[in-house]
Amino acid sequence: METKSQLLQLLGVPDRISNNFEAAIFPHVFWDSVKCRIQTFPEEAFISPLPCPPLQFALVNESTPIPANVAAEFLRANPKSLESIWYKISIIAVCQNKYISGDVLQLLLDLGPIEILSSSVRKCLLPHAMRSDNIDVLRVLIINFPSVLSETSELDGEIPLHSCIDRSPEMLSLFIEEGIRQNVGGRNCVGGLYFNNSYDETLFDNLVLALSMAEVLEEGSRSMTWKRIKVCIEYANFVRTGQSIVKANTSDNLLSYSCIGYLPSHLMKEATEEFDLNVSISDILNMISLATDNGEWRRRMKLNSFDLSNMFKTMLAKLRDEHDKNKGIERSPLLEAAQRGLPWDYGLKEIMNSDLTALAKHDEQTGLSPFMVAACGSYNDLEAIFQLLSAYPAELNAGSF
């Protein structure tokens, strides 16, 4: 077996290593010592028992990533490290390294034969960097190859921004910002936020849907998804003033049913207050449906009466103008909540107090008043029946029956 050079020892190359050098356990490397060794014995940058130059081994070290100035010394000593296949391997190795600096990638792009990176190779670099979650390297990639942001997948017609659905909010911000600069999807597409895939879905559509999926019902996952949604709304409101992304491409407001309805109450409050989002009667009815769905939603969301009443209180405070409240609605929220058996402490109190005039209205189908509807509903909450009757005792008059 070939004796290891001092340089390889400094790099931490083990005595025995398979061809899969990426699987090696990397020790802490003192890069100043490596740099001095290369400057003194540049020929060692050529010597390796591995099936690759020493530089490639150094590039995959995540324990102590190689600095750009040391990578430059490697290239000065052995320019062949970036020839042909080794150049592609070096670029991919940097994109897969979670902790390496983007300056190293920029160095390789500046000094290497960038023209040998075909469009297909450039397209695959972005997913590598996304999986490593290296924002610095991603930024360098996008700046040097901006066209990758607009390339659509042949499978589902999605642009790279769609893949940010489960990535960090920082990565999502980077893609949107650079997408805006590159006019991805056109002037009004907000960097790709309004770009539809083959299923006519935007990234925001998928994020809202994700909140209602069972696998993300843990509060930590819902909170992270909300952070991504916040990024989308912030950019959409900044670029397209007056047209909130939550109302784009949909006839009904998905915010309450799939977004607010699956957010912790404190985040739901933030959703309506920070972005001044309007809520419709349909949204309230959707929430009533969720809250009274055999208790399954409440159990999965781990909601108590305090949480749910706060949700209704926040939503009712954001109802649209009085003229639009009952537009196209066959039954008022109070009658709907009473019929479905929404308990008094779970939001019925807030619904009643938001519109006391509804106490005097009778159900068009049955002719019953709210307290009667509550008494005949699918779930009889005695407190709800008592409070509804106490709030409007005139219903006890014989003429009201």
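**Exercise 1. Salt bridges**

Determine how many salt bridges a search of the whole structure finds in this predicted model, and characterise the pair formed by Arg 181 and Glu 178 by its N to O distance, its place in the helix and the accessibility of each partner.

*Solution.* The search of the whole structure yields five salt bridges, and the model in which they are found is a predicted one.

Step 1. In the pair of Arg 181 and Glu 178, the closest N and O atoms are 2.8 Å apart, which satisfies the requirement that a side-chain nitrogen of Lys or Arg lie within 4 Å of a carboxyl oxygen of Asp or Glu.

Step 2. Arg 181 and Glu 178 are three residues apart in helix 9, so about one helical turn separates them.

Step 3. Arg 181 has a relative accessibility of 57% and is therefore exposed, whereas Glu 178 is buried with a relative accessible area of 9%.

Step 4. Another of the salt bridges joins Arg 340 to Glu 336, with 2.8 Å between the closest N and O atoms; both residues belong to helix 17 (residues 333-340), where they are four residues apart, about one turn of the helix. Arg 340 is partly exposed at a relative accessible area of 30%, while Glu 336 is buried at 16%.

Step 5. A salt bridge also links the side chains of Asp 166 and Arg 167, at 3.7 Å from N to O, and Arg 167 is partly exposed with a relative accessible area of 24%.

**Exercise 2. A loop residue and its contacts**

Locate Ser 168, decide whether Ser 168 is buried or exposed, and describe the residues with which Ser 168 is in contact beyond its neighbours within four places in sequence.

*Solution.* Step 1. Ser 168 sits in the loop that runs between helix 8 (135-144) and helix 9 (169-181).

Step 2. The relative accessible area of Ser 168 is 16%, and because the cut-off for a buried residue is under 20%, Ser 168 counts as buried.

Step 3. Once the neighbours within four places in sequence are set aside, Ser 168 is in contact with Asp 133 and Ile 135.

Step 4. Asp 133 is placed in the loop between helix 7 (119-132) and helix 8, is partly exposed at 30% relative accessibility, and has a phi near 60 degrees, a positive value in a residue other than glycine.

Step 5. Asp 200, which is not a glycine either, likewise has a positive phi of about 60 degrees; Asp 200 lies in the loop between helix 9 and helix 10 (203-211) and is exposed, with a relative accessibility of 56%.

**Exercise 3. Two helix pairs**

Classify the packing of helix 4 with helix 6 and of helix 14 with helix 16 from their interaxial angles, and identify the residues that meet in each pair.

*Solution.* Step 1. Helix 4 (residues 68-77) packs with helix 6 (residues 102-111) at an angle of about 30 degrees, their axes being 9 Å apart. Since angles under 35 degrees count as roughly parallel, helix 4 is roughly parallel to helix 6.

Step 2. The crossing of helix 4 past helix 6 is right-handed, and in this pair Ala 68, Ala 71, Ala 72 and Leu 75 of helix 4 meet Asp 103, Val 104, Leu 107, Leu 108 and Leu 111 of helix 6.

Step 3. For helix 14 (residues 281-291) and helix 16 (residues 305-317), the angle is about 170 degrees and the axes are 10 Å apart. Because angles over 145 degrees count as roughly antiparallel, helix 14 and helix 16 are roughly antiparallel to each other.

Step 4. The residues of helix 14 that take part are Asp 283, Ile 284, Met 287, Ile 288 and Ala 291, which meet Leu 308, Met 311, Phe 312, Met 315 and Leu 316 in helix 16.

**Exercise 4. The nonpolar cores**

Identify which residues touch the most other members of the largest nonpolar core, and follow the contacts of Phe 74 and of Val 231.

*Solution.* Step 1. The largest nonpolar core has 72 residues, of which Leu 11, Ile 66, Phe 74 and Phe 175 touch the most other members. Helix 11 (residues 219-239) gives the most to this core, namely seven residues. Another core lies apart from it and has 33 residues, including Leu 290 and Trp 344.

Step 2. Beyond its neighbours within four places in sequence, Phe 74 has contacts that include Leu 7, Leu 11, Val 34, Ile 38 and Ile 66.

Step 3. Val 231 belongs to helix 11 and is buried, with a relative accessible area of 8%. Not counting residues up to four places away in sequence, Val 231 touches Pro 169, Leu 172, Ser 173 and Ile 176; from Val 231 to Ile 176 the separation is 55 residues in sequence and 9.0 Å in space, C-alpha to C-alpha.

How values were computed:
Residues numbered from 1 in each chain as written. Predicted model: local features only at pLDDT ≥ 70, side-chain atom pairs only at ≥ 80, totals over all residues. Heavy atoms only, no water. Buried < 20%, exposed > 50% of the residue type's maximum accessible area, 1.4 Å probe, protein only. Contact = heavy atoms within 4.5 Å. Core = buried A, V, L, I, M, F, W, Y, C linked by side-chain atoms within 4.5 Å. Axes fitted to C-alpha atoms, helices over the stretch in contact; angles between N-to-C directions. Parallel < 35°, antiparallel > 145°, perpendicular 65-115°, else oblique. Left-handed = near helix turned anticlockwise from the far one by under 90°.
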